[in-house]
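Here is a set of questions about labels, with the reasoning behind each. Please look through the structure before reading on.

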Amino acid sequence: MKLRIKKPNIRIIKPKIIKNYLDKREKKKIYSGINNIKIGKASLNITEGVILLQGGAFRGVYTSGVIDFLMEHDINFRHVVGVSAGALNGMNYVSGDIGRGALINLKHRHDPSWIGLKALFSKGNNGIIGFTYALGDYNNEYPFDEDRFFNSGKEFIATATCLEDGRNHYFKNDSNTIYKAIMASASMPYISKPVEINGKHYLDGGCMDSLPIKYVRNKYRGEKIVVVMTRPLGFRVNTSQNSKITKVNYAMYKKYPLFIESLNNMDERLNIDFKLIEELSYKNKIFVIAPSEPIDISRLEGDMEKLGSLYRLGYLDMERRYDQLIEFLNN
């Protein structure tokens, strides 16, 4: 009997098909609506008042949407206080760079120089977030207006938690130290090395106070205060797992007992601040812009459509409340 040799079932993929597949895969790494984000410069006009920008890692994309709308509509507050991701957003708000804060996350989230192992092993970084990239190579694409950041007449304050004393320290845009302070403010505990500034060590400003509303009200008495939150009004942190986190804190930061104390009580303090902010907002003593929908974003979110939708939510929430903000500022 004559044997038939069966041809192997191999499908030859044409180069064009391979290219289309790779292009499609790459598109998933960039927000599909990236071309709809406006790029530009805010005016030099200054709006009297203070804006407080909460952190929240990639939930900060919401804040990017809010401040882009504000800059496009000529609302540039004289005083800006930023915590963690709020500090990263705040620096672009002070420099008047519309779209810059949003695009680094919506276009470069999957660039290993910004988030990943390449950032981890790059000189000058202290973890998996590439701060040197944000102020280095990224400038080639979207330049940061350093002159305006320092000389616009707007005050910028970044908060960072000191490991030695467990307290928040406040750094102003009056020297190059501010860059290290922003880096420290946005350096999440557990996954980042502390940032040394003037002989002391710092991490995320949210470790001590994610929403320093008491500090802002005390420092800027008589000023109009706007708070941008990255959690919906009514949100409270679940503290049921705090005992387990406490053990981790003691294991990782045993050299810094005061910092451990701050970490251990972080969630309780944040819930108190949430309640205070809601009360002040209800009494019209401050203006609060917060997500109008529940936020399902992880700290290192990689789904670009979810991040893009969050940016749009921030932009649209601010658009919907624009008239109310103007009324608040004018009364």
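Q: Where is asparagine 284 found?
A: In this predicted model, asparagine 284 is in the loop between helix 13 (266-282) and strand 10 (287-289). Its phi is positive, about 65°, although it is not a glycine.

Q: What makes asparagine 284 count as buried or exposed?
A: Its relative accessibility is 53%. Exposed means over 50%, so asparagine 284 counts as exposed.

Q: Where is aspartate 74, and how is its accessibility classed?
A: Aspartate 74 sits in the loop between helix 2 (60-72) and strand 3 (77-83). It has a relative accessibility of 35%. The class in between 20% and 50% is partly exposed, so that is the label for aspartate 74. This residue also has a positive phi of about 65° without being a glycine.

Q: Why is the contact between phenylalanine 150 and tyrosine 179 called an aromatic pair, and what kind is it?
A: The ring centres are 5.9 Å apart, and rings pair if their centres lie within 6.5 Å. The planes are at 85°; over 60 degrees counts as edge-to-face, so this pair is edge-to-face. Phenylalanine 150 lies in helix 8 (residues 146-151) and tyrosine 179 in helix 9 (residues 177-185), so the pair ties together parts 29 residues apart in sequence.

Q: What is the class of each partner, buried or partly exposed?
A: Tyrosine 179 has a relative accessible area of 17%, and under 20% means buried. Phenylalanine 150, at 24%, counts as partly exposed.

Q: What kind of pair do tyrosine 170 and tyrosine 215 form, and how do you know?
A: Their centres are 3.7 Å apart, with 0° between the planes. Planes under 30 degrees apart count as stacked, so the pair is stacked. Tyrosine 170 is in strand 6 (residues 168-172) and tyrosine 215 in helix 10 (residues 213-219), 45 residues apart.

Q: How many aromatic pairs does the structure hold, and which residues do ring pairs link into a cluster?
A: There are 15 aromatic pairs. Phe144, Phe149, Phe150, Phe156 and Tyr179 are linked into a cluster by ring pairs.

Q: How do you know that lysine 172 and glutamate 155 form a salt bridge?
A: Their closest N and O atoms are 3.6 Å apart. The cut-off is 4 Å, so the two residues form a salt bridge. Lysine 172 is in strand 6 and glutamate 155 in strand 5 (residues 155-162), 17 residues apart. Glutamate 155 is buried at 12%, whereas lysine 172 is partly exposed at 40%.

Q: What makes aspartate 317 and arginine 320 a salt bridge, and how are they placed in the helix?
A: The N to O distance is 2.5 Å, and the limit is 4 Å, so the label applies. Being three residues apart in helix 14 (residues 304-320), they are separated by about one helical turn.

Q: Why do aspartate 317 and arginine 320 get their accessibility labels?
A: Aspartate 317 has 3% relative accessibility; under 20% means buried. Arginine 320 has 53%; over 50% means exposed. The bridge therefore joins a buried residue and an exposed one.

Q: How many salt bridges does a search of the whole structure find, and which residues are linked in a network?
A: The search finds ten salt bridges. Lys41, Asp97 and Asp145 are linked in a network.

Terms used: Residues numbered from 1 in each chain as written. Predicted model: local features only at pLDDT ≥ 70, side-chain atom pairs only at ≥ 80, totals over all residues. Heavy atoms only, no water. Phe/Tyr/Trp six-rings, centres within 6.5 Å; stacked < 30°, edge-to-face > 60°. Helix = DSSP H or I, 4+ residues; strand = E, 2+ residues; numbered from the N terminus. Buried < 20%, exposed > 50% of the residue type's maximum accessible area, 1.4 Å probe, protein only. Salt bridge = Lys/Arg side-chain N within 4 Å of Asp/Glu carboxyl O.
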